[in-house]
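This report describes one protein chain for a reader who has not met it before. Please consult the sequence and the model shown here while reading.

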Amino acid sequence: MTIPPLSIESAALAAGNLAGTWWQRIVDGFSHAAAPEVTGTELWVAVGLAIALCLPRASWRYFGLLATVTHELGHAFAALMTGQRLGGIRLSLDHSGTTTSYSRRPLAAVWSTFWGYPVPAVVGAAMVWCGFNGWGPAAMSVGTLLLLASFLFLRNLGGVLITAAAVLAAALLVLFVPAGFIGHVMIVLGLALLVAAVRDLGKLAAVHAKHRNRLSTSDAYLLSRSTALPAVVWIGLFAAVVAAAWWVAWQPMAPVLAGLFV
């Protein structure tokens, strides 16, 4: 079967128009929008959706990959901001990941190793704040561009596939979700990342308490090996940052939930 040249040209033109629309939406996202009106009932639904993405195994199998991407990008960004050479990022479908960086400064290596487990919570809190304050489209644009930039550092097929799926999901949201509703989406995704951070911290604690044969996969263990502080202290510091992120996210949520009881 021969495809008429006109059909190929039309398809290319349509793809070009779609790409142009997507890019314009990304650019337009960097302006402040009206803050969304979030009711108490809607917020409870958002919390329920966040839990539904993170707790059941069926949904966590997929959403947990986004938490892993965020975790590894946290390591990568912390390495770059301290002048380290980033060797690459590897992601696997079993939710494991590795970020390789090189530094002759021990403190820089400690810094980049620390910023893994807390980062999904920090990003989640930022997304919730942006969602409530009219910066939801900006958060979506920044997130999409960071995911695209991460392709420069991916070093395995699994990482490419996982990140490509995340970029595709972000692109579909940018293209087909009205800008006025993006803030609501950011609140749900931000809450889900906050829940994911707590889940991953529980998994980390279980490795140290029950599955010590897997200690080599623990950032807290690696930090304890390179510093004078035991792993339990590092886990406590992870938890402190996650708790602080939850506190930040709670600030715009509290008045909305309080309105249910007025």
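The protein chain carries 14 positive and 8 negative side chains, and the centres of these two sets are 18 Å apart. The model from which these values are computed is a predicted one.

As to secondary structure, the protein chain contains ten helices and two strands. Read from the N terminus, its elements follow the order α-α-α-β-β-α-α-α-α-α-α-α.

The table lists general values for the protein chain.

| Property of the protein chain | Value |
|---|---|
| Box filled by the C-alpha atoms, along the principal axes | roughly 65 × 60 × 35 Å |
| Exposed area | about 14200 Å² |
| Share of the exposed area supplied by carbon and sulfur atoms | 70% |
| Buried residues, out of 262 residues | 43% |

A compact globule of 262 residues would have a radius of gyration near 18 Å, so the 20 Å of the protein chain agrees with that expectation. Of the contacts with a separation of 6 or more, 73% join residues that are 24 or more positions apart.

The interior can be described through its nonpolar cores. The largest nonpolar core has 53 residues, of which Leu43, Phe132, Leu191 and Phe238 touch the most other members. Helix α8, residues 179-209, gives the most to this core, with 14 residues. Another core lies apart from it and has twelve residues, including Ile89, Leu91, Leu147 and Val167.

Which residues is Leu43 in contact with, leaving aside its neighbours within four places in sequence? They are Val38, Phe132, Ile187, Leu191, Met253, Val256 and Leu257.

Technical notes:
Residues numbered from 1 in each chain as written. Predicted model: local features only at pLDDT ≥ 70, side-chain atom pairs only at ≥ 80, totals over all residues. Heavy atoms only, no water. Core = buried A, V, L, I, M, F, W, Y, C linked by side-chain atoms within 4.5 Å. Buried < 20%, exposed > 50% of the residue type's maximum accessible area, 1.4 Å probe, protein only. Helix = DSSP H or I, 4+ residues; strand = E, 2+ residues; numbered from the N terminus. Contact = heavy atoms within 4.5 Å. Rg over C-alpha atoms; globule rule 2.2 N^0.38 Å. Areas by Shrake-Rupley, 256 points an atom, 1.4 Å probe, with all protein chains shown as cover. Lys, Arg positive; Asp, Glu negative; His and termini not counted. Charge placed at Lys NZ, Arg CZ, Asp CG, Glu CD.
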